[in-house]
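Biologist: Please take me through this model, and tell me for each term what justifies its use.

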Amino acid sequence: MVSNRVIDFSAASQAGGVSVAIYDALARHNGFWFGWNGQVEDTETPEMMVSRDGEHATVTMPLTAADYNDFYLGYSNSVLWPVFHNRLDLAQFEAGYYSRYVAVNKKFAAHLAPLIEPNDAIWIHDYHLFPLALELRKHGIENPIGFFLHIPVGPAQALIAIPEHREIARALSAYDLVGVQTHRDVRNLIDFLQQSVFGRLLPSGRIRACDAELDIGCFPVGIDPNDFSDSRVVRDSESPETSRIIGIDRLDYTKGLPQKFRAFGKFLEVFPEHRRRIVLSQFAPPTRESVEAYADIRAELEALSGAINGRYGELDWVPINYIHRPMPRHELRDVYRSSRVCWVTPLMDGMNLVSKEYVASQDPADPGVLILSKFAGAAEQLHDAVLVNPYDPNDMVQGLRQALEMPVDERVARHEKLASVVCKSDSKAWGKTYISALVKAGRRRIGKEQPSARVTEAMKRLGVEPKKKAGSKKSVAAHVGG
Ligand code: ADQ
């Protein structure tokens, strides 16, 4: 597994969906996790750190201050993040960002390549590392290399505004498999490859672009429901008169927090009978604070929550409980369970794991209600949530009312369907399906002959059983070689 940031196992809590997803998947496979250790050190010859904690092994390295500034804050989070979330207005196309972005990918490749063994499949995560497969191939790495994009793929028209969009398309074409979260993302990505480098959809379903063929597939990321199912907490035990509406997001302009706060203020105005009976508890820990757009959103939310609390609050009731720090992970489950409603309304989101965690934490006999943005990837799976348009204040207000007033039989019926999706499409299924598809895609690139001992061995090690057609010696090739 490779991602920009490798989680620190010893840290009490680290917010962020990518780390959570990789951490879960890694425990099931005999691999290691490579990436940045979060340290900034001014050396061009960084020392590699190796650590092991139970089933998790990591190999990490520091970044330099220039890497951190131009690669991480700059190209990754001030160009790719906003554009892929269709926020071209927030993109900062500064000269110099891109060359450092490529340089860091080269550095990752140079340090990772010597660690790759012949049977390894390499799974690279997220937008910081688009060029890594190209760079690894330059080091002679022939193993299957897959990429998974955790964020959404904005419309092709937005993506081709990136000055280096052809280079990004070429970098993507070097992978055997590119996985995204939703069908919408698959469509947008194919569209992008067509518009930027004349990519073609082949009758086989593969994509031909930049003299290569790759698979693109939808692999919705999941959680481990067992981490959330075992709560004994009883909802609102201390204050049965007040229902908690929980919001858990990173403090990010894509998460639709100002829209949510405004809708909450409007709700209190339109439905005064709900005043004093509900509290919105919004956790929003800061991330990427040195990026300007993030400082702006922080100030905006502080002003909004202050204004709403000032207008509607009472001596013994504060409507918005806005907490600007992460919640320890071990407390999440009980907080989800004791909350009457979970309100997650991003303007655009790759998946949104919070929505799935909330569903998994509920008491099936008396579950809370999930209100989910139509524009979260999770909405493609969680049809039985109350789906709302975060841009439409009336829809947000009506959605909240519907959730708060929903009778128990409807809550139980909706939750049953939601929980079944969350359990079926869990982190285990995500990792297994992806790795199986990656090994097959790698095999297709190598050729159509019988799978080499190397690939068969890799599949065995990853727990992927090639299906055999009865009586056919060619059965493995048929399934693996395609
Ligand atoms: P994120 O944008 O970080 O992830 P999300 O999917 O909601 O968004 O995951 C957040 C994770 O961090 C959850 O596990 C949540 O519990 C935790 N978290 C968030 N805020 C927290 C807080 N205040 N305190 C404690 N924990 C907190 C990216 C993409 C998403 C995609 C994921 C996984 O942006 O769209 O779903 O990767 O692919």
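Modeller: I would start in the sheet, where Phe148 stands opposite Gly179 in β7. This is a predicted model, in which local features need pLDDT of at least 70, side-chain atom pairs count only at pLDDT 80 or more, and totals for chains, interfaces and linings use all residues. Residues are numbered from 1 along each chain as its sequence is written, and side-chain values use heavy atoms, without hydrogens and water.

Biologist: What makes β6 and β7 a pair?

Modeller: Two strands pair if DSSP finds at least two bridges between them; β6 (residues 145–148) and β7 (residues 177–180) have three bridges, in the parallel sense, so they count as paired.

Biologist: What makes β3 and β8 edge strands?

Modeller: The open sheet of ten strands runs β3-β4-β2-β1-β5-β6-β7-β10-β9-β8, with mixed pairing. β3 (49–53) and β8 (200–201) each have a single partner strand, so one side of each lacks a neighbour in the sheet.

Biologist: Why is α8 called roughly perpendicular to α12?

Modeller: Helix α8 (residues 257–270) and helix α12 (residues 393–404) pack at about 65 degrees, with axes 9 Å apart. Angles of 65 to 115 degrees count as roughly perpendicular (under 35 is roughly parallel, over 145 roughly antiparallel, the rest oblique), which makes α8 roughly perpendicular to α12.

Biologist: Which residues of α8 and α12 make the contact?

Modeller: With contact meaning heavy atoms within 4.5 Å, the residues include Ala263, Phe264 and Phe267 of α8 and Met396, Val397 and Leu400 of α12.

Methods
Axes are lines fitted to C-alpha atoms, for helices over the stretch in contact, and angles run from 0 to 180 degrees between N-to-C directions. Helices (H or I, at least four residues) and strands (E, at least two) are DSSP runs, numbered from the N terminus.
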